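I opened this entry to keep track of what I looked up around the ligand and around one strand residue.

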Amino acid sequence: MSRSLTAAGAAAGPVAELALTGDLAHPARLTVSQLLAWPQHRARVSFDCATSGTRYHSFTGPLLHEVLSAAGPRFDPARRRDRLRFLIAVHGTDGHHALLSWAEIDPDFGRAPVLLAVTLDGAPLDGAGAQLVLPQDRCGARYVSGIDAVRVDGGYLAGSGAG
Ligand SMILES: Nc1nc2c(c(=O)[nH]1)N[C@H]1C(S)=C(S)[C@@H](COP(=O)(O)O)O[C@H]1N2
Ligand SMILES: [Mo]
């Protein structure tokens, strides 16, 4: 195999990609090394797992909010109430998936410092795929690993006439 490594420390072998889809002006496919283009944050977290007890991990990666904002979610950025109907669905290669609301990670609302992690305990995730990191969660279940798709959806209850 003659794969060339572009990022120092990147694992040899297949490189995982995640698809950014949905109500976005700029849908994209991103590798873990492309996620290094955003400012990197570190989160030292603990969470409870129903099966393996309390877990401790250190993650680094960009803020989910910054990566998704660059993809151009189809709301009017000047009108805060326009964002409240947007959902974010995060899907792993094994089918595990979790929903966030846009407002949960928005600096004007919940301000949760959610990361799309590119390293886990110092090891690159280029092969396994990015992992969702939610320092505010007590339970580990939303720490979706092996992310292959993130879908932004502003159509929830659209047309219901509510509002
Ligand atoms: N893709 C995927 N991510 C997942 C899970 C899973 O089944 N699939 N389980 C979650 C649960 S329930 C927990 S507690 C944490 C466990 O992370 P750890 O074992 O690496 O500490 O991963 C989360 N992320
Ligand atoms: Mo868990």
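My notes on the ligand shell come first, followed by those on the strand residue.

I am working from a predicted model, in which local features need pLDDT of at least 70, side-chain atom pairs count only at pLDDT 80 or more, and totals for chains, interfaces and linings use all residues. Residues are numbered from 1 along each chain as its sequence is written, chains are lettered from A and ligands numbered from 1 in the order in which they are written, and side-chain values use heavy atoms, with hydrogens and water left out.

Ligand shell. I looked up which residues are near ligand 1 (a heavy atom within 4 Å), and found F47, C49, R55, H57, D94, H96, G140, A141, Y143, V144 and S145. For polar contacts (pairs of N or O atoms within 3.5 Å), I noted that a polar side-chain atom of R55 lies 2.7 Å from an oxygen atom of ligand 1, and that a side-chain N or O atom of H57 is likewise 2.7 Å from an oxygen atom of the ligand. On the backbone side, a polar atom of S145 is 2.9 Å from a nitrogen atom of ligand 1. The protein covers 71% of the 530 Å² of accessible area (Shrake-Rupley, 1.4 Å probe) that ligand 1 has on its own.

Strand residue. I then turned to V45, which is placed in strand β3 (strands are DSSP E runs of at least two residues). V45 is buried, at 8% relative accessible area, where buried means under 20%. Beyond neighbours within four places in sequence, V45 is in contact (heavy atoms within 4.5 Å) with R55, Y56, H57, F59, V133, P135 and Y143. The C-alpha atoms of V45 and F59 are separated by 8.0 Å.

Definitions and conventions: A polar contact is a pair of N or O atoms within 3.5 Å; within protein, one must be able to donate a hydrogen and the other to accept it, and residues adjacent in sequence count only if both atoms are side-chain atoms. Helices (H or I, at least four residues) and strands (E, at least two) are DSSP runs, numbered from the N terminus. Buried means under 20% relative accessible area, exposed over 50%, partly exposed in between (1.4 Å probe, protein chains only).
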